[in-house]
Amino acid sequence: MTPPDAPHNRWSDLDRPPLNVTALRRGLLRPGSLWSELEVVETTGSTNSDLAERARSGDLAEGTVLVAEEQTAGRGRLERSWTAPPRSGLFFSVYLEPGDGVPVERWGWVPLLAGVAAATGLAKSAGVDTALKWPNDLLVTVEGEERKTGGILGEFAGGGIVVGLGINVSLRADELPAPTAGSLALAGAVSTDRETLLRAVLRSLEHWYGEWKGAGGDAAASGLQAAYAAGCATLDRTVRAELPGGNSLVGQAVAIDGDGRLVLSTDDGLQQPVSAGDIVHLRGAAGGLT
């Protein structure tokens, strides 16, 4: 590993080689593919912000992918920051235009769709069981504990939606930003080759987006709702939903409804859907707090 005072360059950590953009384009930008453009930049503040700015200016085609080797101002949900060492993860955003065929009220499923795609793609390519924490976190198991290894952020921009993903791939234990964080490497991944992982996630995202869009954005008819529920670690657990405005709600997570909301069964017998908020796992199959 490079000493901390050594000059930084794209080969400064030989365990973390730079992405080969030519190979990625060759593998992903095929005729008939969703993916129309792929760019890899050495560093940027936020790939989501970059694509959103281009979308608002009208200078963006559906299927554009922007990947950064390093993000200096990456954003998670609730405006939390997301930073990691250069080339230690996958930091990328895509631009999608569900268009007239999908009512805009169904577009809220796109970040959840990205979660299903990421979990499916990583399970196949990294050999790691990846679970979903509602609404937008990716979880892996490290030393018997659930840890967050990725997050997803969607935002409307222009005539479409920008979806960003940040996935910790090769972070070592001493590099984790918090005790609750993890990485694919720490979860025992059979591969941490970022090109392999990125191709797998984008191909899975193309598949699920095609199924969902082909069903007019109907999450049930496309199989998306069932797939999300099947991979969701939040269901069947007692959770606390910290809601916008400072309120909170405690109950058992019993379902993901047709609008992508988390349904909580409270002690007073009510079924309460939650559309936004921070979820804390209080008790469940894995035990502990997450």
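I will walk through helix 2, helix 4 and one residue of strand 13 in this structure.

Before that, the ground rules: this is a predicted model, in which local features need pLDDT of at least 70 and side-chain atom pairs count only at pLDDT 80 or more, while totals for chains, interfaces and linings use all residues. Residues are numbered from 1 along each chain as its sequence is written, and side-chain values use heavy atoms, with hydrogens and water left out.

Let me start with helix 2, which spans residues 47–56; helices here are DSSP runs of H or I with at least four residues, strands are runs of E with at least two, and both are numbered from the N terminus. Its buried residues, buried meaning under 20% relative accessible area with a 1.4 Å probe and protein chains only, exposed meaning over 50%, and partly exposed lying in between, are Thr47, Asn48, Leu51, Ala52 and Ala55. Because they cover an arc of only 125° around the axis, they sit on the same side of helix 2, where the arc is taken from the directions from the helix axis to the C-beta atoms. On the face turned away from that buried side we find the exposed residues Glu53 and Arg56. After helix 2 comes Gly58, with a positive phi near 80°.

Turning to helix 4, residues 194–214, I would like to begin with Glu195, which is found in this helix. Glu195 is buried yet has no salt bridge, and the nearest side chain of opposite charge, that of Arg199, is 4.1 Å away. For reference, a salt bridge needs a side-chain nitrogen of Lys or Arg within 4 Å of a carboxyl oxygen of Asp or Glu; in assigning charge, Lys and Arg count as positive and Asp and Glu as negative, with His and the chain ends not counted. Setting aside residues up to four places away in sequence, Glu195 touches Pro18, Leu19, Asn20, Ala23 and Leu24, contact being heavy atoms within 4.5 Å.

Also in helix 4, Tyr209 and Trp212 are three residues apart, and therefore separated by about one helical turn, and both are buried.

Finally, Val274 lies in strand 13, residues 271–274, and is buried, with a relative accessible area of 3%. Which residues is Val274 in contact with, leaving aside its neighbours within four places in sequence? They are Trp134, Ala241, Leu243, Leu249, Arg261, Leu262 and Leu264. Of Ala241 I can add that it is 33 residues from Val274 in sequence, with 7.8 Å between the two C-alpha atoms.
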